[in-house]
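Please walk me through this protein model, from its overall layout to the contacts that hold particular residues in place in the picture.

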Amino acid sequence: MPDITRRRALTAAAAVAATASAATLVAPAASAAGHHAPATPDSFDEVYKGRRIQGRPEGGGGHHHAHGGGYAVFIDGVQLHLMRNADGSWISVISHYDPVPTPRAAARAAVDELQGAPLLPFPAN
């Protein structure tokens with residue numbers, strides 16, 4: 001059996017590194033293929049700190065804003081602009097840097113931030 005040379009050792013190490021890199025690149029794609037979009041939350045209608053907050057899935061019939069993930073939230077009848085993050089959390093135009101787990105939590109956080117001030121309509125682009 002021949003002795004291992006430096007060249008053969010480096011070639012083997014490079015082959016192992018290349019195989020590991022290829023496995024790393026393929027693994028995220030494989031896991032993304034089995035990824036399902038998060039479920040749309042249920043509707044809600046309640047009074048929170050004296051403000052009426054409502055949320056419901058948006059149908060395809062009216063204006064649909066892609067960021068809201070097909071869900072609309074209203075505070076005292078005025079729509080709160082929502083956006084769903086890639087991790088499934090939600091943010092609003094009022095509490096943009098404080099992600100919450102549900103649209104209901106986003107509505108409540110907005111009411112807390114408004115401190116009694118009215119929600120003004122968000123202008124569409």
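The paragraphs below go from the whole chain to the sheet, then to the charged pairs and the nonpolar core.

The model is predicted. Its protein chain contains 2 helices and 6 strands, and along the sequence these elements follow the pattern α-β-β-β-β-β-β-α. The chain has 125 residues, of which 25% count as buried. About 8700 Å² of the chain is exposed, and carbon and sulfur atoms supply 60% of that area. Among the contacts with a separation of 6 or more, 39% are between residues 24 or more positions apart.

The sheet comes next. An open sheet is formed by 4 strands in the order 1-2-3-4, with antiparallel pairing. Strand 1 and strand 4, the latter covering residues 78-80, stand at the edges; each has a single partner strand, so one side of each is left without a neighbour in the sheet. On average, neighbouring strands of this sheet are turned by 25° against each other, direction ignored.

Two of the pairings can be followed residue by residue. Strand 1 and strand 2 (residues 51-57) run antiparallel and are joined by 5 bridges. One partnership to look for is that of Asp45, whose bridge partner in strand 2 is Gln54. The hairpin made by these two strands has 2 residues between them, and in this hairpin Lys49 takes a positive phi near 50°. Strand 2 also pairs with strand 3 in the antiparallel sense, over 5 bridges. Here Arg56 has Ala72 of strand 3 as its bridge partner. Helix 2 packs on this sheet and touches strand 1, strand 2, strand 3 and strand 4. The direction of helix 2 makes about 25° with that of strand 1.

Strand 1 deserves a separate look. In a regular strand the side chains alternate between the two faces of the sheet. In strand 1, Phe44, Glu46 and Tyr48 point to one face and are buried. Asp45 and Val47 point to the other face and are not buried.

Which residues of strand 1 on the buried face include a charged side chain, and what does Glu46 meet in a salt bridge? Side chains of opposite charge can pair when their charged atoms come close. Glu46 is buried, with a relative accessible area of 17%, which is under the 20% limit used for that term. Its side chain meets that of Arg104 in a salt bridge, at 2.4 Å from N to O. This pair links distant parts of the chain, since Glu46 is in strand 1 and Arg104 in helix 2, 58 residues apart. Arg104 counts as partly exposed, at 30% relative accessibility.

Glu46 also meets Arg108 in a salt bridge, at 2.8 Å from N to O. Arg108 lies in helix 2 and Glu46 in strand 1, so this pair ties together parts that are 62 residues apart in sequence. Arg108 is partly exposed, with a relative accessible area of 30%. Through shared partners, the salt bridges join Glu46, Arg104 and Arg108 into one network.

On the other face of strand 1, Asp45 has a charged partner as well. The side chains of Asp45 and Arg52 meet in a salt bridge at 2.6 Å, N to O. Asp45 is partly exposed, with a relative accessible area of 47%, and Arg52 also counts as partly exposed, at 42% relative accessibility. The total for the model is 5 salt bridges.

The nonpolar core is the last part. The largest nonpolar core has 16 residues, and those touching the most other members are Phe44, Ile53, Tyr71, Val73, Ile75, Leu80 and Leu82. Strand 1 (44-48), strand 3 (71-75) and helix 2 (103-114) each supply at least two residues of this core. Helix 2 gives the most, with 5 residues.

Tyr71 is a useful core residue to inspect on screen. Leaving out residues up to four places away in sequence, Tyr71 touches Thr40, Pro41, Asp42, Ser43, Phe44, Gly55, Arg56, Pro57, Glu58, Leu82, Trp90 and Pro103. Among these contacts, Phe44 and Leu82 are also listed with Tyr71 as core residues that touch the most other members.

Terms used. Residues are numbered from 1 along each chain as its sequence is written. This is a predicted model: local features need pLDDT of at least 70, side-chain atom pairs count only at pLDDT 80 or more; totals for chains, interfaces and linings use all residues. Side-chain values use heavy atoms; hydrogens and water are left out. A nonpolar core is a set of buried Ala, Val, Leu, Ile, Met, Phe, Trp, Tyr and Cys residues joined through side-chain atoms within 4.5 Å. Buried means under 20% relative accessible area, exposed over 50%, partly exposed in between (1.4 Å probe, protein chains only). Contact means heavy atoms within 4.5 Å. Accessible areas come from the Shrake-Rupley method with a 1.4 Å probe; for residues, only the protein chains shown count as cover. Two strands pair if DSSP finds at least two bridges between them. A salt bridge is a side-chain nitrogen of Lys or Arg within 4 Å of a carboxyl oxygen of Asp or Glu. Axes are lines fitted to C-alpha atoms, for helices over the stretch in contact, and angles run from 0 to 180 degrees between N-to-C directions.
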